[in-house]
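Ready for some practice in reading a protein structure? Take your time with each exercise, and try it yourself before you look at the solution.

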Amino acid sequence: MNPFTPSAPAPFASAPGPTVRAVHDEFHGDLLEVSMGPQHPSTHGVFRMVATLDGEQLVKLKPVFGYLHRNHEKIAENTTYLGSMPYTDRLDYLCSMSTNWAYALAVEKLAGQAVPERAQYLRIIMAELTRLVNHSCLVGFLFNDLGTSFTPLLYAFREREKIIDLFEALSGSRMMCNYQRFGGCRVDPTPEWLAAAQQLVDNFPRFLDEYERMLTGNEIMLARTQGVGRLDATHAINAGITGPVLRASGVDYDLRKVDAYGFYAQFDFRVPLGAHGDTYDRYMMRILEMRESVKILQQAFKRLPAGPIMDPKAKLRGFRPKAGEAYGRLEGPKGELGFFLISDGSPNPYRYRVRPPSLINLTLLEEMCLGHTIADAVVILGSIDIVLGEVDR
Amino acid sequence: METLEQIRARLLLAYPAAQITFVTNPGPAAEHSLLIEATHAVEIARWLRDDTALRLDYCSNATGVDWPDKTITDVTTTTEPDPAGGPAKTVETKTARLQPGYLEAIYHLYSIALKQGPVVIRLRTANRTDAVTLPSLTPIWRSCDFQEREIFDLYGIIFTGHPDLRRLLMWDEFKDHPMRKDYVEPDDYEWEPTAHGAVLERAKPHQSAAAAPAPKTGGTP
């Protein structure tokens, strides 16, 4: 039964990939139900898929959530606005800098708070460094899911480690940075820090070249990813898929260009787009986005202005925004990360909602995986890029 | 993009029977919203998605909000002339009235095709206890699938027309809706929905009463 109206784009009329059953027509036996996860290394945390298999092919796949659920939103509603800033680090623990920014962006919109120019540049620097961290982790883990057993992952982690060392030098913590504040940033980087960061960024394309030389044209990689997990643009938009997964399907929608939040309007960069929407395109999207991030970072280091990093009118203590509501969103490394806040004038948010890109990007996981083998489902899941801290909240 | 008043005027032309209320957002963000009556919500959502000038093809965020019952105290001031002929007295009478609560679902809509938005729409249930159904917008925007399941799970709004309305984050046997404002936390967070209690119950007939440790009686020092 199709629950979708005819005018809405229906779920895939025919499952992508080879037709289920036709291959096994004379031999088909019972379907086998396999519970993958929650404790399975390829599910990137405590994600669980209940897969129904015909031989090795998937005929049904139901994601099961909630193993890392701690009701983040309720906890945030019971604390002050600033009190949940460190807690947003734990949402997407690979990208705490951009998660902080998304929350700060929403609160600043709610309270009408301005941000000084230097802080805007620092935010862009941190967000793009985070994108490098996230995407290099992702491509490393993707190869792990393909079965290369750690070597490409360690190459990627070597670079990631340099960036999170910088984060530690700046904010005191490698992954839980807690760096943004409403109306600016917490600490100003020293000139030495900036020099070290610039050197890292200048060297980063060499890592990408090395990585691509080893892996992008790899025959096994091509065979396992091209044409696997196809996602077409209409369905992706309707299902709210965002970020590199959406752009791999050829939809030009990058919030850095569309909303031009922060100072992104002043930066010169391109938005890479895929053509096929398969796993290979999603991999290439990450590589190309890292190259664009390097371009943004180089411009930001060149133009970083002097000045204060906090707006003088910003209030840290006794922060009570006027009654109202605001939805702030930005282009996180995984997709559109949004915070929706309702204020009733008290020090705590009346409603605090996280729009998690990782969760919503999984909406079409079943349609992408149907007809493929279970080994491909692992790779498709890896190419969507989820973090369970954000999925389950 | 058109303003929200213009969208509302066009919607009222298309659906004259529908009740569409403009909800003002008093904050600096000034993202106002449209409160849509539940009976016409699906048609209106489809119209918003398919209208050529709007093309809101992308539902970014769907979320629930709980608004519990509120007691509002109305103060009426009346002046009573003093029977003794002195200056008139002002008397304040306070009357408490109950404003019934409701659950609310909020949708943030954007257009990827035309790169515009947001348009915020809200649906409200009749109350918080027995009339908590709202039409599901998942047939219009598939992205509401998990998000409406989450609202059902954490707030208890029942979405009619949702293809697969189950709890998303809490386990299936869980009874309450934890994001509601009047939710009472359990005394014991360690409790897990295992068959532990049932197993102990079944084991009881096999245990002799003598073997069981005597219940402690406090008192003697």
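The exercises below work through a predicted model, moving from confidence to strands, helices and the contact between chains.

**Exercise 1. Find out how confident the predictor is about chain A, and look at residues 1-20 of that chain.**

Solution.
- Step 1: Begin with the average, which for chain A is a pLDDT of 86.
- Step 2: Next, see how widely good scores are spread: 93% of the residues of chain A score at least 70.
- Step 3: Now turn to residues 1-20 of chain A, where the pLDDT is below 50. Beyond near neighbours in sequence, this stretch has 31 contacts in the model.

**Exercise 2. Work out the strand order of the open sheet in chain A that contains β6, β7 and β8, and name its edge strands.**

Solution.
- Step 1: Recall the general idea: strands of a sheet pair through backbone hydrogen bonds, either parallel or antiparallel.
- Step 2: Here the three strands of chain A follow the order β6-β7-β8, with antiparallel pairing.
- Step 3: An edge strand pairs on one side only, and this picks out β6 (324-332) and β8 (351-355) of chain A.
- Step 4: From one strand to the next, the twist averages 10°.
- Step 5: Zoom in on one pair: β6(A) and β7(A), the latter covering residues 335-343, are joined by nine bridges. Within this pair, Y327(A) has F340(A) as its bridge partner.
- Step 6: Finally, add the helix α3 (residues 96-111) of chain A, which lies across β6 and β7 of chain A and runs at about 150° to β6(A).

**Exercise 3. Decide whether α5 and α6 of chain A are roughly parallel or roughly antiparallel, and describe their contact.**

Solution.
- Step 1: Two packed helices are described by the angle between their axes and the distance between the axes.
- Step 2: For α5 (residues 151-171) and α6 (residues 191-215) of chain A, the axes come within 11 Å and cross at roughly 170°.
- Step 3: Angles over 145 degrees count as roughly antiparallel, and α5(A) and α6(A) are therefore roughly antiparallel to each other.
- Step 4: Look at who meets whom: the α5(A) side includes Y155(A), I163(A) and L166(A), while the α6(A) side includes W193(A), L200(A) and F207(A).
- Step 5: Sort the contact residues by type, and you get 14 nonpolar, no polar and two charged.

**Exercise 4. Follow strand β6 of chain B: is it largely enclosed or open, and which strands does it pair with?**

Solution.
- Step 1: Count the buried residues. In β6(B), residues 102-111, nine of the 10 are buried, so this strand is largely enclosed by the rest of the structure.
- Step 2: One partner is β3(B), joined to β6(B) by nine antiparallel bridges. Another is β7(B), residues 116-124, which pairs with β6(B) in the antiparallel sense over seven bridges.
- Step 3: Use L109(B) as a landmark: L109(B) is the bridge partner of C59(B), and L109(B) also stands opposite V119(B) in β7(B).
- Step 4: The hairpin of β6(B) and β7(B) has four residues between the strands, and there K115(B) takes a positive phi near 50°.

**Exercise 5. Describe the side of chain B that touches chain A.**

Solution.
- Step 1: The contact takes 33 residues from chain B and 41 residues from chain A.
- Step 2: On the chain B side, α2 (41-50), β3 (58-67) and α3 (144-155) each supply at least two residues.
- Step 3: β3(B) gives the most, with six residues.
- Step 4: By type, this side of chain B divides into 19 nonpolar, seven polar and seven charged residues.

Technical notes:
Residues are numbered from 1 along each chain as its sequence is written. Chains are lettered from A and ligands numbered from 1 in the order in which they are written. This is a predicted model: local features need pLDDT of at least 70, side-chain atom pairs count only at pLDDT 80 or more; totals for chains, interfaces and linings use all residues. Two residues are in contact if their C-beta atoms, placed from the backbone, lie within 7 Å. Ala, Val, Leu, Ile, Met, Phe, Trp, Tyr, Cys and Pro count as nonpolar, Asp, Glu, Lys and Arg as charged, and the others, Gly among them, as polar. Two strands pair if DSSP finds at least two bridges between them. Axes are lines fitted to C-alpha atoms, for helices over the stretch in contact, and angles run from 0 to 180 degrees between N-to-C directions. pLDDT is the predictor's confidence in each residue, from 0 to 100. A residue is buried if 20 or more other C-beta atoms lie within 10 Å of its own, exposed if 12 or fewer, and partly exposed in between; C-beta atoms are placed from the backbone. Angles under 35 degrees count as roughly parallel, over 145 as roughly antiparallel, 65 to 115 as roughly perpendicular and the rest as oblique.
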